[in-house]
Protein chains: 2
Amino acid sequence: MPATVLVVEDEPAIQELIAFNLKQAGHIVMAAPSAELASRMIKDALPDLILLDWMLPGMSGIEFARKLKGDGYTKAIPVIMLTARGEEQDKVKGLETGADDYVTKPFSPRELNARIKAVLRRRAPQMTDEQVEMAGLALDPITHRVTGDGASVDLGPTEFRLLHFLMTHPERVHSRAQLLDSVWGNQVYVEERTVDVHIRRLRRALEPTQHDVLVQTVRGAGYRLSQRA
Amino acid sequence: MPATVLVVEDEPAIQELIAFNLKQAGHIVMAAPSAELASRMIKDALPDLILLDWMLPGMSGIEFARKLKGDGYTKAIPVIMLTARGEEQDKVKGLETGADDYVTKPFSPRELNARIKAVLRRRAPQMTDEQVEMAGLALDPITHRVTGDGASVDLGPTEFRLLHFLMTHPERVHSRAQLLDSVWGNQVYVEERTVDVHIRRLRRALEPTQHDVLVQTVRGAGYRLSQRA
DNA sequence: GCCCGTTGTCACGCAAGCGTCACATTAGCG
DNA sequence: CGCTAATGTGACGCTTGCGTGACAACGGGC
């Protein structure tokens, strides 16, 4: 939930106001008064979200947004545009930016925070939500249900993600590091042995239907999901 | 016939105008300024209808419509195209891509509402004002009445919409964010925990007839309506 | 004006789940 | 057949997510 936000705004008063609110909401704030400076900061720090003022000295906000969305590795970063009320009618006409949302000034802190939250919400990791099945073991991401030969199996959130990953990448050995990356997310510091414990919990949950044998240990390498011995 | 409508329109002024009218007519409104964002919202929130602007930044409205109709489970969602006056000759093209209707800008709110009503009525299956029933729990959108095993249950407006959405999308787990989109509309800004409170209120209202057990919590994921344990 | 139903938010508390450690067990190697 | 490293396993604090009641802000009806 806490994210790194870059605020591109040339007017100090507004910039400070925004920054204060964002920090209050637990975000990490970077600020740049111009597009040039912003560009460099983006390269350095890769923010999760950019708040972009419509009017900027030099390059306008529109141009900048277009440039961002054109560039390969910045186009994934969501942009929220800040526009003054009077500018809507005239300027918005030729809009071709890839902004993800707009906020018109003046805005309340609550509104801004809410829109930020809404935009960040959508960058959620999207697992393929197709149903997966293997040797009588079935997992459905949509209903969030797991069944072994029809009998329901209940798993904690982490075990669920772990099994889902293994089922979508079967027959292949995954090191503990890889599993931490794929299942826990690569920004978390967790001991590698923690994987062992969750494998254990997963196996125990699969025991009643004998499906625990599918989860195999490859000594010195990691774990694997497979039907073959 | 309250329905969830997704408005895909990049121009904020028009988008807000449409949203205002739809809300006035009792619909739940979601809005997305780009095809990209719209895709994600559709997958999450499953709107009943999509209002699609002809011209969009990046992918054009036509392309987007074609993509929607090509995809397996979005092709059932009706699409109404919004076109500017000069583009009328493209009407044919629009209908070819699978749009269910089209409206030329500028349009009156009454015309838009009428078309929406017509399109929604045309849809035979899972029409939004069809009566829904599940395990003795029945909800009638027309009379706005809910009964559990015959006994009447009384709900506030929000709980009613929440239950209606859950009943029309059962078995499936919905995150708090998805519920906010589908039941509140993504134009209002409320805390995710608010969903919990309304779930609580819904459960309490369903308690007398034991139907509260249908509303299930999936820890770490969201809520689900289901008969199975 | 006043009242009452509804709504969004907060604070508190409990319980599930998580990560880590310590110890038991096993596999592989000479 | 013992030794060692890797893995299995149970237990234990601690965090986090969710349930729940309370409350203030609205807003519509009388």
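Let me start at DNA strand C, where a backbone N or O atom of A:Glu191 lies 2.7 Å from a phosphate oxygen of the strand; this is a polar contact, a term that covers a pair of N or O atoms within 3.5 Å and that, within protein, also asks that one atom be able to donate a hydrogen and the other to accept it, with residues adjacent in sequence counting only if both atoms are side-chain atoms. The elements that give two or more residues to the surface near this strand are α6 and α8 of chain A, together with α6 (157-168) and α8 of chain B; helices here are DSSP runs of H or I with at least four residues, strands are runs of E with at least two, and both are numbered from the N terminus.

Before I go on, please keep in mind that this is a predicted model, in which local features need pLDDT of at least 70 and side-chain atom pairs count only at pLDDT 80 or more, while totals for chains, interfaces and linings use all residues. Residues are numbered from 1 along each chain as its sequence is written, chains are lettered from A and ligands numbered from 1 in the order in which they are written, and side-chain values use heavy atoms, with hydrogens and water left out.

Staying with strand C, a phosphate oxygen is 2.4 Å from an N or O atom in the side chain of A:Thr158, and a phosphate oxygen is 2.8 Å from such an atom in the side chain of A:Trp184. In total, 24 residues surround DNA strand C, and among the closest are A:Thr158, A:His198 and B:Arg201, where near means that a heavy atom of the residue lies within 4 Å. Sugar and phosphate account for 64% of the atoms of DNA strand C that come within 4 Å of the protein.

Which residues are closest to DNA strand D? They are A:Arg200, A:Thr217, B:Arg193, B:Arg200 and B:Thr217, out of 21 that surround the strand, and sugar and phosphate account for 61% of the atoms of strand D within 4 Å of the protein. A polar side-chain atom of B:Arg193 lies 2.5 Å from a base oxygen of DNA strand D, whereas the side chain of A:Arg203 has an N or O atom 2.8 Å from a phosphate oxygen, and B:Gly220 places a backbone N or O atom 2.9 Å from a phosphate oxygen.

Turning to the protein itself, A:Trp184 appears again in helix α7 (residues 176-184) of chain A, where A:Leu179, A:Leu180, A:Val183 and A:Trp184 are buried, that is, under 20% relative accessible area with a 1.4 Å probe and protein chains only. These four lie on the same side of α7(A), because they cover an arc of only 105° around the axis, the arc being that of the directions from the helix axis to the C-beta atoms. What covers them includes α6 (157-168), α8 and β11 (222-225) of chain A, with contact meaning heavy atoms within 4.5 Å.

Finally, in strand β1 (residues 4-8) of chain A, five of the five residues are buried, with A:Thr4, A:Leu6 and A:Val8 on one side and A:Val5 and A:Val7 on the other. β1(A) pairs in the parallel sense with β2 (residues 28-32) of chain A over five bridges, pairing being counted if DSSP finds at least two bridges between two strands, and A:Leu6 stands opposite A:Met30 in β2(A).

Notes. Buried means under 20% relative accessible area, exposed over 50%, partly exposed in between (1.4 Å probe, protein chains only).
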